[in-house]
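I opened a fresh notebook page for this structure and kept my entries short. Come along and look things up with me.

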Amino acid sequence: MTTTPVVKFSELKQEQLSEFLHDRIQVPEDLQANVMVTTLDKVYNWSRKSSMWPLLFGLACCAIEMIATAASRYDLARFGMEVMRPSPRQSDLMIVSGTVTKKMVPAIVRIYNQMAEPRYVLSMGACATGGGPFKEGYTVVSGIDKYIPVDVYVPGCPPTPEALIYGLLKLHEKVERQSITTVPWYRKGASEAIPVPVLGPDIFDPRKVQIIKEQTLGSAGAAKGGAAGKARLQPQPIPEDVKARIHAAQAKYRAQKQPA
């Protein structure tokens with residue numbers, strides 16, 4: 001017959017608090033039950049990771065899994081994350097869940113810039129991470145990390161709620177490792193906003209305008225204001241033999257269209 005070991009709760013509490021105790025600070029014995037010595041980073045990061053508010057938006061099928069994660073079966077309220085804010089100014093976690101199209105990227109970057117720091121980004125699913133099965137499509141970007149910084153990647157197509165929770169726990173670990181003395185949002189000077197991509201015939205980063213000019217107009221044309229490159233790209237007259245073949249093809253097409 002086995003006996004259940006007796007648990008001494010005083011020793012168990014001491015083991016749980018050992019990582020918070022400071023070696024160089026001696027607490028009087030009569031106050032050890034009421035005083036705990038720790039660091040400001042530990043308390044600050046613990047409060048941040050325990051009340052991280054995600055931004056409420058979804059792009060495709062991954063959003064359904066994100067909604068299921070917040071429902072009663074998986075219950076994000078255990079992590080203090082049950083409040084999904086519709087406003088970016090009250091959120092500190094952007095979960096990019098679903099396929100990111102080129103038409104949607106400017107809106108995502110604009111919303112990211114509107115979030116107050118500290119802010120984090122979680123890329124949920126294969127589409128948001130690398131384009132997924134639509135990678136070769138002309139409307140889908142191959143990864144949201146090409147436009148905004150991503151902290152945690154959650155693979156899957158779509159990822160399960162358990163995978164999303166695991167990614168959130170990894171994000172909590174990253175938050176716990178940060179220090180007030182080194183984080184960028186407490187340094188001097190304002191943080192620089194990410195330029196919103198421009199959507200035209202294709203989407204491009206405004207910071208790469210000079211590179212685009214050099215590739216399209218040539219380095220000499222881009223350096224001289226584009227004059228040489230523009231001259232090179234001017235339409236050239238069509239040779240006479242080519243015109244003759246075009247006219248012959250047009251006449252043949254019109255002849256075929258005429259009723260017998």
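**Entry: K135**

I began by asking how exposed K135 is, bearing in mind that the model is predicted. Its relative accessibility came out at 43%, so K135 counts as partly exposed, a label that covers values from 20% to 50%. I then traced where K135 sits, and found it in the loop between α5, residues 126-130, and β3, residues 152-154. Setting aside neighbours within four places in sequence, I noted contacts of K135 with G130 and S142. I also checked T99, which is 36 residues from K135 in sequence, and the two C-alpha atoms are 9.7 Å apart in space.

**Entry: D75 and T69**

Next I went through the backbone angles. Most residues other than glycine have a negative phi. D75 caught my eye, since it has a positive phi of about 60° and is not a glycine. I placed D75 in the loop between α3 (62-70) and β1 (93-97). D75 counts as partly exposed because its relative accessibility is 31%.

From D75 I moved to T69, which belongs to helix α3. Is T69 buried or exposed? T69 is buried, because its relative accessible area is 0%. Beyond its neighbours within four places in sequence, T69 is in contact with Y74, D75 and L76, and also with P161, L164 and I165.

**Entry: cis peptide bonds**

Most peptide bonds are trans. I wrote down two that are cis. One of them joins E117 and P118, with omega at about 0°. P118 is in the loop between α4 (105-114) and β2 (120-124). Another joins C157 and P158, where omega is about -10°. I found P158 in the loop between β3 and α6, the helix of residues 161-176.

**Entry: salt bridges**

Side chains of opposite charge can pair when their charged atoms come close. How many salt bridges does a search of the whole structure find? I got six, and I took notes on some of them.

K102 pairs with D202, and their closest N and O atoms are 2.9 Å apart. This pair links distant parts of the chain, 100 residues apart: K102 is in the loop between β1 and α4, while D202 is in the loop between β4 (198-199) and β5 (203-204). I looked up the accessibility of both partners. K102 counts as buried because its relative accessibility is 16%, under the 20% cut-off. D202 counts as partly exposed, because its value is 40%.

I came back to E117, since it forms a salt bridge with R119, with 3.8 Å between the closest N and O atoms. E117 has a relative accessible area of 34%, so it is partly exposed. R119 has 13%, so it is buried.

The side chains of R245 and D241 also meet in a salt bridge, at 4.0 Å from N to O. I saw that both residues lie in helix α10 (residues 240-257), four residues apart, which is about one turn of the helix. R245 counts as exposed because its relative accessibility is 55%, over the 50% cut-off. D241 counts as partly exposed, because its value is 46%.

**Entry: a pocket**

Rolling a probe the size of a water molecule over the atoms shows where empty space is left. I looked at the second largest pocket, which has a volume of about 290 Å³. Which of its 15 lining residues are closest to its centre? I listed Y112, E117, R119, P184 and W185. I was pleased to meet E117 and R119 again here, as they are the partners in a salt bridge I had already written down. Sorting the lining by type gave me eight nonpolar, two polar and five charged residues.

**Entry: strand β1**

My last stop was β1. Five of its five residues are buried, so β1 is largely enclosed by the rest of the structure. I checked each face of the strand and found both covered: L93, I95 and S97 are buried on one side, and M94 and V96 are buried on the other. β1 pairs with β2 in the parallel sense, over five bridges. Across from V96, I found S123 in β2.

Conventions
Residues are numbered from 1 along each chain as its sequence is written. This is a predicted model: local features need pLDDT of at least 70, side-chain atom pairs count only at pLDDT 80 or more; totals for chains, interfaces and linings use all residues. Side-chain values use heavy atoms; hydrogens and water are left out. On a 1 Å grid over the protein atoms alone, a cavity is a set of points where a 1.4 Å probe fits but cannot get out, and a pocket is an open set with protein on both sides within 12 Å along at least five of seven lines; lining residues have an atom within 4 Å of a point. Grid points are joined across faces, edges and corners, and a volume is the space filled by probe spheres set on the points. Ala, Val, Leu, Ile, Met, Phe, Trp, Tyr, Cys and Pro count as nonpolar, Asp, Glu, Lys and Arg as charged, and the others, Gly among them, as polar. Helices (H or I, at least four residues) and strands (E, at least two) are DSSP runs, numbered from the N terminus. Buried means under 20% relative accessible area, exposed over 50%, partly exposed in between (1.4 Å probe, protein chains only). Contact means heavy atoms within 4.5 Å. Two strands pair if DSSP finds at least two bridges between them.
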